[in-house]
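Here is a short report on a protein chain. Overall figures come first, then one helix in detail.

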Amino acid sequence: MKQSSVKSFFQTDMLLYLTILYLVEFVRGAALISFLPIYGDKALGLDLDVIGAAITAHYMTDTGLKLAIGYLLDRLSVRTVVSIGLLFSLIGITALQFAVVPWAFITAAAVYGIGISPIWIVCLTRIKEDQRATQMGFLYTVWLVGLGSGPVVTNLLLDFNRGLTYWVMVGISLAAWLLSLFISGTRSVHIDVVPFRRQLAILGSRLRDMKLLLPGMVLQTLGAGMLLPILPSFAVKSLGMTATHYSILLLIGGGCTVVGLIPMGKLSDSFGKKWFLIAGFLAFGAVLFALTQKPPLGLAFFWAFLLGISYAAVLPAWNALLAAFVPPGQQGLGWGVFSTVEGIGGIIGPLIGGFIATRYSGSSVVGLAGIMFIIISMFYVFFPFRLFKGEAPPPIKVIK
């Protein structure tokens, strides 16, 4: 990243946003990848389909509010939207101590999902048009460090003391909310004043332009969502791992993703995004399928390494591609709509994954997800190359 790009990216407000994003994603990773599946299974004795329903409820509120949050960010101050959202998340995490029955467990997860979207969409609106994939790579580095360190710390703490694990999550959620109160009271970006119906018409036109991308947007989050409720139990029952081994697996996969994001972002800026997406999804799917063959510990760690690299290849290229379709002047609403479309798979995935794991096995879920990612890769082989150049569709005139 060029020095001028770094300087503009690390403005005072952006540092605060990135800190809040890290804390929010730390708790999200801790909750969804470790705490909810392990606590729900071992402490509450819930079936995997109930745990999947709780994660689905989380993503349902998260995704359902993305469009509204994007609209609000175009009209209200960032501080108002982010702080109110994070207050709801804090309430949801706090309510987990009372979640002794399935409906309370699911409800707490749903309330927790309310406050996740705003800070992420705010960070997306701060990305500059030039060097977009590179800056996306850095943003995803912060996101993944939080998302990855959360479950690693949680896994270690859960073996030691479940109560301490819970209070760590509450404390970090509280810190994120308190920091949000220091956000500037200005709106997220300078926008054109356009009626809401007209904004939806603009976005509808962009969605029609990118209609060939929509299957991939849904399927990739569907495949990832299927894995969330079953990962800890799959690691223990199918791979024979201890909690420490599982933490190492997450460290290897997440660490390789973090290290690879910025280089992969630069390479996709330079060489185009198509083959990064194809190779990344293909490798991701193949490795997931390989994990169902119950490899020895050392080979499982190697597969985690490849998973991290393939994920690093996909993320910056994919989000830079989506960014070409965000209408200028409606960035909050634009990212809200696209995140909502992507979130459809996140809503359905955990429910399907938990159901299949309960009826069959965790290996069946991992194998099916692997096949889905391979299909996505093949889909992009035949996708029109013009859209992979990061070129926005022809500009649409807005009549004020």
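The text below covers the fold, the surface and one helix pair.

This is a predicted model. The protein chain has 17 helices and 0 strands. Some chain-wide values are set out here.

| Property of the protein chain | Value |
|---|---|
| Buried residues | 57% of the 400 residues |
| Contacts joining residues at least 24 apart | 87% of contacts between residues at least 6 apart in sequence |
| Accessible surface | about 16300 Å² |
| Part of the accessible surface on carbon and sulfur atoms | 71% |

**Helix 5 against helix 7**

Helix 5 spans residues 78-95, and helix 7 spans residues 117-125. Their axes come within 8 Å. The crossing angle is roughly 145°. Which residues in helix 5 meet helix 7? They are Val78, Val81 and Val82. On the helix 7 side, the partners are Pro118, Ile119 and Val122. By class, this contact has 6 nonpolar residues, with no polar and no charged ones.

**A nonpolar patch**

Ile84, Leu87, Phe88 and Ile91 make a nonpolar patch on the surface. Its area is about 340 Å². Phe88, one of these four residues, is placed in helix 5. Is Phe88 partly exposed or buried? Its relative accessibility is 37%. Buried would need a value under 20%, and exposed one over 50%. Phe88 therefore counts as partly exposed.

Helix 5 thus appears twice in this report. Val78, Val81 and Val82 in helix 5 meet helix 7, and Phe88 in helix 5 belongs to the nonpolar patch.

Notes:
Residues numbered from 1 in each chain as written. Predicted model: local features only at pLDDT ≥ 70, side-chain atom pairs only at ≥ 80, totals over all residues. Heavy atoms only, no water. Axes fitted to C-alpha atoms, helices over the stretch in contact; angles between N-to-C directions. Helix = DSSP H or I, 4+ residues; strand = E, 2+ residues; numbered from the N terminus. Contact = heavy atoms within 4.5 Å. Nonpolar A, V, L, I, M, F, W, Y, C, P; charged D, E, K, R; others polar. Buried < 20%, exposed > 50% of the residue type's maximum accessible area, 1.4 Å probe, protein only. Areas by Shrake-Rupley, 256 points an atom, 1.4 Å probe, with all protein chains shown as cover. Patch = residues over 30% accessible without salt bridge, like charges linked within 9 Å, V, L, I, M, F, W, Y side chains within 5 Å. Salt bridge = Lys/Arg side-chain N within 4 Å of Asp/Glu carboxyl O.
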